[in-house]
Number of protein chains: 2
Amino acid sequence: MDQTDYKILSIIHDNARITVSEMSRMIAMSQPAVTERLRKLEEQGIIKGYRAELSLSKLGKHTTAFVMLKSNKCKEFETFAEAAPEIVDFYRTSGEYNFLLKVVTETSETLENFLETCHTFGFSSTLVVLSTRFEDKMLLQDVMG
Amino acid sequence: MDQTDYKILSIIHDNARITVSEMSRMIAMSQPAVTERLRKLEEQGIIKGYRAELSLSKLGKHTTAFVMLKSNKCKEFETFAEAAPEIVDFYRTSGEYNFLLKVVTETSETLENFLETCHTFGFSSTLVVLSTRFEDKMLLQDVMG
DNA sequence: GATGAAACTATTGTACC
DNA sequence: GGTACAATAGTTTCATC
């Protein structure tokens, strides 16, 4: 992992569909060399995958919330969470609550329905997102220039 | 937005670096037709962008936490948050706390330092992530098959 | 108005320096 | 890590349904 690798990660984090040729022009390195570095970053698991970022609102999902849940039915809840289309992110946490979920629904009514279901597993507390200032900021801005 | 568009979104959400030819084979449609649909999905803003998903731990970031903050210094805090490399996601929320941050640091010590800085802006409550079960689940599994 | 076919351009993978 | 070339993918145009 040198400065060139950081540059590659930064570029591809910003635009995962960029071609290797275009990248090689940006960082002044030959195309096969960039391909090889990219392959190694994937192989080492530093790059876990490539994802399209979709617009929630344009897909009819107008409500985002974070749900903290206190439950002792851990196994059952995890099985439920896997299958629940509303839950996009799923974390286990320390503290009063043992689960944190990022939940995306059509409206606040669909969120309400979802929360009712959650209450069969335990107690919850919900933060409704009013606006998203930014998401998925590049991690390496401290390592780079 | 028909079933074909949903298929394209699902495929590209799963692997943003897939080629159009490969996609066209998967959904049994000509390459120019898929290219055109992809262009429209981007133009309409349904696809907001493409990102590489990086391994936090392999980049030396071993601690993830969600920080809820209650602050009346909103403008100052937003300026700070933009520049803070630790804050990867930044939301405004309803309820007792007006900000929710996803924070990624090297260790719990660096998290502690970060929280001290946060306290200059207001009161906070922190959930430390023990493990991530899944993140960025495909949104459209209810719309699709 | 969107799809399919074909020619043309760009990118990628491979072999070698 | 670079260069050259063959194989593959992407783009553009035009005909078609």
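Which residues in α1(A) are buried? Hold that thought for a second, and keep in mind that what we have on screen is a predicted model.

OK, so let's find the helix. In chain A, α1 runs over residues 3–14, which makes 12 residues. From first C-alpha to last, α1 reaches 17 Å, close to the 16 Å expected at 1.5 Å a residue. Look at the start of the helix and you'll see A:Asp2, which caps the N-terminal end of α1(A). A side-chain oxygen of A:Asp2 sits 3.2 Å from the backbone nitrogen of A:Thr4.

Back to my question. The buried ones are A:Thr4, A:Asp5, A:Tyr6, A:Ile8, A:Leu9, A:Ile11, A:Ile12 and A:His13. And what do they pack against? In chain A, that's α2, α3 and β1, and there's also β1 of chain B.

Now let's move to the DNA. Strand C is surrounded by residues from both chains, among them A:Thr19, A:Gln31, A:Thr35, B:Met29, B:Arg37 and B:Lys40. Of the strand C atoms that come within 4 Å of the protein, 64% belong to sugar and phosphate.

Let me show you three contacts with phosphate oxygens of strand C. For A:Val20, a backbone N or O atom lies 2.9 Å from one. For A:Arg25, a polar side-chain atom is 3.4 Å away from a phosphate oxygen. Over on chain B, the side chain of B:Ser30 puts an N or O atom 3.2 Å from a phosphate oxygen. Which elements give two or more residues to this surface? Those are α2 and α3 of chain A, plus α3 of chain B.

One last thing: by class, the surface near strand C has 4 nonpolar, 5 polar and 3 charged residues.

How values were computed. Residues are numbered from 1 along each chain as its sequence is written. Chains are lettered from A and ligands numbered from 1 in the order in which they are written. This is a predicted model: local features need pLDDT of at least 70, side-chain atom pairs count only at pLDDT 80 or more; totals for chains, interfaces and linings use all residues. Side-chain values use heavy atoms; hydrogens and water are left out. Helices (H or I, at least four residues) and strands (E, at least two) are DSSP runs, numbered from the N terminus. The expected span of a helix is 1.5 Å times one less than its number of residues. Buried means under 20% relative accessible area, exposed over 50%, partly exposed in between (1.4 Å probe, protein chains only). Contact means heavy atoms within 4.5 Å. A polar contact is a pair of N or O atoms within 3.5 Å; within protein, one must be able to donate a hydrogen and the other to accept it, and residues adjacent in sequence count only if both atoms are side-chain atoms. A residue is near a molecule or strand if one of its heavy atoms lies within 4 Å of it. Ala, Val, Leu, Ile, Met, Phe, Trp, Tyr, Cys and Pro count as nonpolar, Asp, Glu, Lys and Arg as charged, and the others, Gly among them, as polar.
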